Structure formats: structure tokens, C-alpha cells
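Biologist: Could you take me through this model at an unhurried pace, and show me how to read its sheet, its helix packing and a few individual residues?

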Amino acid sequence: MARKSILVVDDERPQREAYERTLSAAGFDVTTATSGEAAVKFLADRKFDLVITDLKMAGMTGNQLLQHVVALDRVIPVILISGHGTIETAKEALRNGAFDFLEKPVDQETLLAPVNRALAKLDELNTEIVSASPNMDEVKRMILKVARSNSTVLIRGESGTGKELIARAIHNQSPPRLTEVFQAVNC
């Protein structure tokens, strides 16, 4: 299984380096960006499993970056960090799609707990669907995206391609569906 990739965005070098050390020591593949604009370029070139960003930065703010990430791919969890946070700021960030909101100073334990929670859903999928293909990684991301909705899902494919496995994964990752009985139908 590939290491989880995390994009860390902070315009303050000491903060960026501290987060990078902590996350790298925990076994994550960490890329750092000095601004929201630089982060957007990284996001265009590469897939990340998680984004951690400072709220107050020169140029593009953490909230603006959050909106960009949500528009790009709703599956990528975003953790916002701020030294100037208020309860209202945290509520707004969570309403806009942030996974969590942390207040500075952030120690190792405070940082790793929400990171591990955010990546737990992807880990669950990796135990349900074993693969080493970038195409299947995209399918897993789509499963997480679809699982959040209440929409009906039609899965098509040749016999033996894993349609039932995908359907079961969507069911298991979906809070609205999890309380219902899973019934596979082979047509």
C-alpha cells in the first residue's frame, strides 16, 4: 500500500517545517507549499489524500484554498489551522467543507489525531478492496464521494469485475445506507 500523501500549506516557514517533520516521522509523504497559489499548482499536478492549511496567509487565504479543494474534489479532507480562530471562524470552515479546525499552537498529538481520523475512511476501503492500480485508487475516491450522497447508484461491468464488492463498499462507507440491509442483485 502506498504512503498517504499530504499537502501542507503555510506561509510561515517554521510552522511548515514543524508540520512536515511530524507528518514525515509518522510515515506520510509530505509536500509543502508556501502559499495558497502554490498549493493550487500542486493540486493541479498531483493527487493528495489530505490538505492541511493555515487560515491566514498573504494572497489566497485558507478558506479560499478550502473552496478550491472542495470544488476540485470533495473527497480530499482539508484541515484548517489558525492562531486567530474564533468559534464562528471554526463553524464557518466546517460549514464550507473543512474536515476539522485546529488552533495554534499545534503539537504533534493534536495534529496527528485529526489526520488519522480523516484518512481512516480511505484505510477502511483499502482493506475492503485490495489493489495496486492508480485506476482503482480513482474508483476508491469515487466510492467515498458517492457514499456521502443519498443518490441511487448503478454499477455496470462484465461478470467477475467486482461490481458487488464496489456496491458493498459504497454501502459500508455511507452513513445513510449503513443502517439499512445490503442486498446484492445479480441481473
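Modeller: What follows is a walk through a predicted model, taken from the sheet to the helices and then to two single residues.

Biologist: How should I read the sheet, and in what order do the strands form it?

Modeller: A sheet is read from strand to strand across its width. Here five strands form an open sheet in the order E2-E1-E3-E4-E5, and their pairing is parallel. Strand E2 (29-33) and strand E5 (100-103) stand at the edges, and because each has a single partner strand, one side of each is left without a neighbour in the sheet. On average, neighbouring strands of this sheet are turned by 20° against each other, with direction ignored.

Biologist: How many bridges join strand E1 to strand E3?

Modeller: Strand E1 (residues 5-9) and strand E3 (residues 50-54), which run parallel, are joined by four bridges, and within this pair of strands isoleucine 6 stands opposite leucine 50 in E3. Helix H4 (residues 87-95) packs on the sheet, where it touches strand E4 (78-82) and E5, and the direction of H4 makes about 150° with that of E5.

Biologist: Turning to helix against helix, at what angle do the axes of H1 and H5 cross?

Modeller: For a helix pair, one reads the distance, the angle and the handedness together. The axes of helix H1 (residues 13-25) and helix H5 (residues 108-128) come within 10 Å and cross at roughly 60°, so the two helices are oblique to each other, and their crossing is right-handed. In the contact, Tyr19, Thr22 and Leu23 of H1 meet Gln108, Leu111, Leu112 and Val115 of H5; these residues divide into five nonpolar, two polar and no charged.

Biologist: Is glutamine 173 buried or exposed?

Modeller: To answer that, one compares the relative accessible area with a cut-off, and buried means under 20%. Glutamine 173, whose place is in helix H7 (residues 163-173), has a relative accessible area of 4% and is therefore buried. Leaving aside neighbours within four places in sequence, glutamine 173 is in contact with Lys121, Glu124, Leu125, Glu128, Ile143, Leu144 and Ala147.

Biologist: And where does threonine 34 lie, and which residues is it in contact with?

Modeller: Threonine 34 lies in the loop between E2 and helix H2 (36-45), and with a relative accessible area of 47% it is partly exposed. The C-alpha atoms of threonine 34 and aspartate 11 are separated by 4.7 Å, although the two are 23 residues apart along the chain. Beyond neighbours within four places in sequence, threonine 34 is in contact with Asp10, Asp11 and Arg16.

Technical notes:
Residues numbered from 1 in each chain as written. Predicted model: local features only at pLDDT ≥ 70, side-chain atom pairs only at ≥ 80, totals over all residues. Heavy atoms only, no water. Pairing = 2+ DSSP bridges. Axes fitted to C-alpha atoms, helices over the stretch in contact; angles between N-to-C directions. Contact = heavy atoms within 4.5 Å. Buried < 20%, exposed > 50% of the residue type's maximum accessible area, 1.4 Å probe, protein only. Parallel < 35°, antiparallel > 145°, perpendicular 65-115°, else oblique. Left-handed = near helix turned anticlockwise from the far one by under 90°. Nonpolar A, V, L, I, M, F, W, Y, C, P; charged D, E, K, R; others polar.
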